[in-house]
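Let's take a friendly walk through a helical packing arrangement, starting from one helix and working outwards to its partners. Please have your viewer ready.

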Amino acid sequence: MAKVTAPLMSLDASGALGKALVFAKWKGINYARRYFVPMNPNTENQERVRSYFTRAVTSWRGESPETRAMWNAAVRGRPLTGMNYYLAQYIKYLSSHNGEAPATPFLPPGQQQS
């Protein structure tokens, strides 16, 4: 991946140039990379992780504003959102508990249910 300045003789570029290059921006930095078609092997493990991710997002959407605020507070000062942290912890829980969902509300580590 190459960091670029003034890509394609402009200030910004994004998208594919034929099937050769892709221009994009990540965290405000323009870059170019080779075009490739992503693999999608659809293995059992991949399907399980996708289902865990779907379940985690559905659970996040069902959490109360108070619970979401707790997750947002848990990441204050870190480069991620409360939702990012929630999804990571929820998926980790599902993975370590054979797909069994945690109790609701699902709180950040170190928080007690009241």
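The expected span of a helix is 1.5 Å times one less than its number of residues. Keep that in mind as we look at helix H3 in this predicted model. H3 has 15 residues, and the distance from its first C-alpha to its last is 21 Å, close to the 21 Å expected at 1.5 Å a residue. Just after the helix, look for Asn 98: this residue follows H3 and has a positive phi, near 55°.

Now colour H3 by burial. Which of its residues are buried? They are Gly 82, Tyr 85, Tyr 86, Leu 87, Gln 89, Tyr 90, Ile 91 and Leu 94. The cover over these buried residues includes H1 and H2, and we can visit those two helices in turn.

Let's begin with H1, which spans residues 44-62. Its axis and that of H3 come within 9 Å and cross at roughly 130°, so the two helices are oblique to each other. The crossing of H1 and H3 is right-handed. On the H1 side, the contact is made by Tyr 52, Phe 53, Arg 55, Ala 56, Val 57, Ser 59 and Trp 60. H3 answers with Gly 82, Met 83, Tyr 86, Leu 87, Tyr 90, Ile 91, Leu 94 and Ser 95. Sorted by character, the residues of this contact between H1 and H3 are eleven nonpolar, three polar and one charged.

Next comes H2, made of residues 65-74. How do H2 and H3 cross? Their axes come within 7 Å, at an angle of roughly 95°, and the pair is therefore roughly perpendicular. Here Trp 71, Asn 72 and Ala 74 of H2 meet Gly 82, Met 83, Tyr 85, Tyr 86 and Gln 89 of H3. The residues in this contact of H2 with H3 comprise five nonpolar, three polar and no charged.

One residue deserves a stop of its own: Gln 89, which sits in H3. Is Gln 89 buried or exposed? Residues under 20% relative accessible area count as buried, and Gln 89 falls in that class because its relative accessibility is 18%. Setting aside neighbours within four places in sequence, Gln 89 is in contact with Trp 71, Phe 106 and Pro 109. Trp 71 is a residue we have already met, as one of those in H2 that take part in the contact with H3.

Notes. Residues numbered from 1 in each chain as written. Predicted model: local features only at pLDDT ≥ 70, side-chain atom pairs only at ≥ 80, totals over all residues. Heavy atoms only, no water. Axes fitted to C-alpha atoms, helices over the stretch in contact; angles between N-to-C directions. Helix = DSSP H or I, 4+ residues; strand = E, 2+ residues; numbered from the N terminus. Parallel < 35°, antiparallel > 145°, perpendicular 65-115°, else oblique. Contact = heavy atoms within 4.5 Å. Nonpolar A, V, L, I, M, F, W, Y, C, P; charged D, E, K, R; others polar. Left-handed = near helix turned anticlockwise from the far one by under 90°. Buried < 20%, exposed > 50% of the residue type's maximum accessible area, 1.4 Å probe, protein only.
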